[in-house]
Structures are given as structure tokens and as C-alpha cells.
Amino acid sequence: MELNNQLKALADKIEQLKDQIETEESTKHAFVLPFINLLGYDSFNPTEVVPEFTADLGLKKGEKVDYAIFQKGDPVMIIECKNWTEDLNVHNSQLARYFHVTHTRFALLTNGIEYRFYTDLEETNIMDEKPFLEFDITNLKETTINEIAKFHKTNFDIDKIVDNASDLKHLKEIKKIINDELQTPTHEFIRLFANRVYSGRLTERVMEEFTDLVRKAFNQTISENVNDRLNAALNKEAEKQQEETLEEDQEISKIVTTEEELEAYRIVIAILRRKVAINRIVHRDTQSYFGILLDDNNRKPICRLHLDGNKKYISLFDQNKDIQREQIHSVDDIYNFEEQLLQTAAYYELE
């Protein structure tokens with residue numbers, strides 16, 4: 001939950017500042033370093049985060065990647081940053097060279113808004129062409145936040161992330177295929193369903209009809225599933241409210257207002273009626289105490305009476321609503337606190 005809030009705060013900051021950020025260096029400091037920090041790494045600690053990490057390749061010297069994150073003395077992830085306005089698609093090859101030279105397990109390409117995480121699923125020490133995790137930090141889903149959390153310093157486990165990376169990569173590609181098919185169904189996709197429900201020859205006219213039918217069927221199925229989930233959630237909430245109402249009713253049914261409590265209420269009215277209209281003085285019985293309020297307002301308690309036990313008490317309230325509890329032997333002793341009760345009522349009149 002804390003990471004969720006931190007990511008949202010960073011996203012809000014990006015929306016507010018991005019139009020004022022003009023350089024790659026500013027993007028690093030305003031957007032990328034805060035992201036590294038919320039993953040639990042200290043960007044000022046050179047044993048955890050190394051800026052301008054050397055990534056020389058052969059005779060080509062002076063190559064540096066923007067940041068490298070270290071754990072136990074080894075680089076576990078390199079980060080290449082670009083200006084927030086730049087298209088990341090043209091920078092994959094540069095990051096792939098850095099990945100091969102540094103022998104890290106993960107590479108991150110980002111412009112502070114788009115984040116692309118890579119590893120070497122297809123060939124050891126060769127960065128995959130496609131990222132296994134990709135997101136826009138200003139538009140995060142809960143499932144993505146759960147994946148980001150795995151890169152937090154306290155959770156970081158190379159083997160677990162790599163094992164999960166393959167599933168993430170394939171899942172992303174499958175979802176893209178499904179989305180593309182829903183938007184513009186291919187002949188193969190239409191034929192898959194048409195063959196199962198149509199016994200005749202699949203002519204061009206029939207395929208055109210099924211293209212529309214398949215699109216409608218998927219849209220209706222998705223809408224129905226969404227409605228079913230919403231209705232299930234609403235029904236569950238309604239059942240919960242009914243249960244809570246039933247519990248409240250059961251609690252209320254246990255409350256029995258005694259004649260002694262009503263006598264105490266009449267005594268309080270007799271004391272206050274000189275300063276307060278009678279219809280403003282209301283009693284409210286609970287299982288714990290018999291309360292008397294001004295204007296039927298919980299924020300204006302006059303006193304509370306505890307008369308059910310072997311010992312009887314009256315709870316009085318000062319200007320700060322601090323409680324002073326006094327023992328009484330009978331309800332007639334309430335008259336002994338006339339001054340305090342009048343003073344309490346007067347406090348509320350001044351509010």
C-alpha cells in the first residue's frame with residue numbers, strides 16, 4: 001500500500017512538472033531518481049546506486065550507462081534514461097550493448113514516464129528484443145504495481161523475477177493479440193468460430209457475416225461479464241449492509257431503558273430547563289451507558305449515566321469534552337452537579 005501511494009505521488013509530480021522539464025538531466029533528477037528511491041535504494045549511496053557506470057565495449061571506450069543498481073557488490077540492474085519527450089523505441093540497441101558488457105540480469109530503459117524492463121530469456125547475456133514488463137507510470141494498474149514491488153530492495157530476488165519474466169512477456173503478447181483480434185479480427189480468427197457453428201461452405205459473404213457476429217459476440221460477452229461482476233459486488237455489498245443492519249438491530253433490541261434512567265433524564269431536564277428549551281434535551285440509551293445530549297448531537301454530550309451496575313456513576317464533560325467520572329448513590333445525587341451541567345450546556349451555546 002505504501003508503494004502504491006508513493007507511485008501515485010510521483011505520477012502526480014510528473015504531471016505537474018513535465019512541461020517545465022527540458023533536458024535529459026532534469027528528467028533524471030526530477031523523475032527517475034525518485035523512482036529509484038521509492039524502490040528502496042539510496043541514490044546517494046555509491047554501494048547501491050552508481051551513476052555513469054562504465055560500460056566500455058572492446059576498443060570503444062568512454063561508454064557509460066546512466067545508473068547501475070548494485071546488490072552485494074554486483075550490478076543487478078542497469079538504467080538508461082532519456083528525456084521524457086523522447087521515443088524509447090530508437091534506444092533499444094544502445095541498452096542491449098550495455099547489457100552485454102555489464103553482465104547484469106536486468107536492464108531498464110525509461111524516459112521517466114514510460115518504463116521498459118528487459119532481461120535475457122532467449123539467450124544468456126543477450127538482452128531480449130522485447131521487454132517483459134512495460135508501463136506508463138501515470139497510468140498504473142494494480143497488477144503492474146505488484147510487479148514493480150518485486151524490484152523493491154526488500155523483495156528483490158533475481159531467480160524469482162526471471163522465472164516470472166517469461167510469463168509476463170508471453171502474457172503481454174497474448175493480451176495484445178486478443179486486443180488486436182477484438183478490434184480487427186483476422187480471417188483465421190473468424191474461421192475458428194465459424195467452423196464450429198456453421199455447417200455450410202464458408203464463402204466470402206458468410207465470412208463477412210461472421211466477422212460482424214464474432215465482434216458482437218465478444219463485445220456482448222465482455223459487457224455481460226463486467227455486469228455480472230458489478231452485480232455480484234453490489235449484491236455482496238447489499239448483503240454486508242443487511243448483516244450490519246441486523247447486527248445493529250440486535251444490539252438495539254438488547255437495550256432496555258429503565259425507569260431509573262428516565263427519572264435521571266427528567267432530573268437533568270429540570271436542571272437545564274432554566275437555560276435550555278426542553279425539546280433540545282434528548283436522551284440516547286446504549287448498552288454501555290445512558291446518554292443525554294443537546295440537540296440530539298453526539299458532539300454535544302451533556303452527561304452520561306451508568307446506573308446498571310452495583311455502583312452508579314455520572315460522567316461529566318468540560319469545555320474540551322474531557323470526561324470526569326463521579327460516583328453517585330442515587331439519581332437524586334445528580335442535583336449535586338447542577339453547576340457543571342449548566343456550564344457544559346453553556347459551552348455549546350458559545351460554539
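Let's start with helix α8 in this predicted model: the cover over its buried residues includes the strands β7 (281–285), β8 (290–294) and β9 (301–306), along with helix α9 (338–350). And which residues of α8 are buried? They are E261, A264, Y265, I267, V268, I269, I271 and L272.

You can also check the length of α8 for yourself. The helix runs over residues 259–272, which makes 14 residues, and at 1.5 Å a residue it should span 20 Å. Its end C-alpha atoms are 20 Å apart, so the model agrees with what you'd expect.

Now hop over to the largest nonpolar core, which has 39 residues. The ones with the most contacts inside this core are F35, I36, I79, F117, F132 and F151. Helix α2 (residues 24–38) gives the core its largest share, seven residues. There's a second, separate core too, with 25 residues, and Y265 from our opening helix is one of them; I314, I328 and L341 are also included.

Take a look at I36 next. Setting aside neighbours within four places in sequence, I36 touches Y41, V49, Y67, I69 and I79.

Last stop: empty space. How many cavities of 30 Å³ or more does the structure hold? Just one, and the space in the largest cavity comes to about 30 Å³. Around it you'll find F132, L133, E147, K150, F151, I161, N164 and L168. F132 and F151 may ring a bell, since both turned up among the residues with the most contacts in the largest core. Helix α5 (residues 158–183) supplies the largest share of the lining, three residues. By type, the lining is made up of five nonpolar residues, one polar and two charged.

Definitions and conventions. Residues numbered from 1 in each chain as written. Predicted model: local features only at pLDDT ≥ 70, side-chain atom pairs only at ≥ 80, totals over all residues. Heavy atoms only, no water. 1 Å grid on protein atoms, 1.4 Å probe; cavity = no way out; pocket = protein on both sides within 12 Å on 5 of 7 lines; lining within 4 Å. Points joined across faces, edges and corners; volume = space filled by probe spheres on them. Helix = DSSP H or I, 4+ residues; strand = E, 2+ residues; numbered from the N terminus. Nonpolar A, V, L, I, M, F, W, Y, C, P; charged D, E, K, R; others polar. Core = buried A, V, L, I, M, F, W, Y, C linked by side-chain atoms within 4.5 Å. Buried < 20%, exposed > 50% of the residue type's maximum accessible area, 1.4 Å probe, protein only. Contact = heavy atoms within 4.5 Å. Expected span 1.5 Å × (residues − 1).
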